[in-house]
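User: I am new to this structure and would like a close look at a single part of it, the place where its helices meet. Please take me through that part slowly, and say what becomes of the cysteines there.

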Amino acid sequence: MSIGGDYASLLCNACAEICDACAEECEKHEAEHCKRCAEECRSCAEECRKMVAEHA
């Protein structure tokens, strides 16, 4: 991202989409570790989207 790579935004958008999918799956389960995973995945997706927005 810092050097303006051609695929940086694409990679960050893909990461955000993957994290959202993981969070959706983990949210289906009641186990505490699944809830923590979903929270972290949502946080990761948000950060990836922020990076794309900041470098657009």
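Analyst:
**Where the two helices meet**

Ala-45 is buried, with a relative accessible area of 0%, and in this predicted model the residue is found in helix H2. Leaving aside the neighbours within four places in sequence, Ala-45 is in contact with Ala-16, Cys-19 and Asp-20, and these three are among the residues that H1 brings to its contact with H2. Ala-45 and Glu-32, by comparison, are 13 residues apart in sequence, and their C-alpha atoms are 20 Å apart in space.

Seen as a pair, H1 and helix H2, the latter covering residues 32-54, pack at an angle of about 160 degrees, with their axes 8 Å apart. Because angles over 145 degrees count as roughly antiparallel, that makes H1 roughly antiparallel to H2. The crossing of H1 and H2 is left-handed. On the side of H1 the contact is made by Ser-9, Cys-12, Asn-13, Cys-15, Ala-16, Glu-17, Cys-19, Asp-20, Cys-22, Ala-23, Glu-24 and Cys-26, while H2 supplies Cys-34, Cys-37, Ala-38, Cys-41, Arg-42, Cys-44, Ala-45, Cys-48, Arg-49, Met-51 and Val-52. Sorted by class, the contact of H1 with H2 has 16 nonpolar, two polar and five charged residues.

One of the charged residues in that contact is Glu-24, whose place is in helix H1, residues 8-26. At 47% relative accessibility, Glu-24 counts as partly exposed. Glu-24 and Arg-49 both belong to the contact, yet their C-alpha atoms, 25 residues apart along the chain, are separated by 17 Å.

The cysteines deserve a separate look. A disulfide is a covalent bond between the sulfur atoms of two cysteines. Although both helices bring cysteines to the contact, a search of the whole structure finds zero disulfides. Cys-37 is in no disulfide, and the nearest cysteine sulfur, that of Cys-26, is 3.5 Å away. The cut-off used for a disulfide is a pair of cysteine sulfur atoms within 2.5 Å. The sulfur of Cys-48 is 3.3 Å from the closest cysteine sulfur, in Cys-15, which is too far for a bond. As for their surroundings, Cys-37 is partly exposed, with a relative accessible area of 27%, whereas Cys-48, at 9% relative accessibility, counts as buried.

Cys-34 is another cysteine of this contact, and its place is in helix H2. At 12% relative accessibility, Cys-34 counts as buried, because residues under 20% relative accessible area are classed in that way. Not counting residues up to four places away in sequence, Cys-34 touches Cys-26 and His-29. The C-alpha atoms of Cys-34 and Ala-16, 18 residues apart along the chain, are separated by 18 Å.

Between the helices, finally, comes Ala-31, whose place is in the loop between H1 and H2. Ala-31 is partly exposed, with a relative accessible area of 30%, whereas Ala-45 in the helix contact is buried at 0%. Ala-31 and Gly-4 are 27 residues apart in sequence and 40 Å apart in space, C-alpha to C-alpha.

Note on methods. Residues numbered from 1 in each chain as written. Predicted model: local features only at pLDDT ≥ 70, side-chain atom pairs only at ≥ 80, totals over all residues. Heavy atoms only, no water. Buried < 20%, exposed > 50% of the residue type's maximum accessible area, 1.4 Å probe, protein only. Helix = DSSP H or I, 4+ residues; strand = E, 2+ residues; numbered from the N terminus. Axes fitted to C-alpha atoms, helices over the stretch in contact; angles between N-to-C directions. Parallel < 35°, antiparallel > 145°, perpendicular 65-115°, else oblique. Left-handed = near helix turned anticlockwise from the far one by under 90°. Contact = heavy atoms within 4.5 Å.
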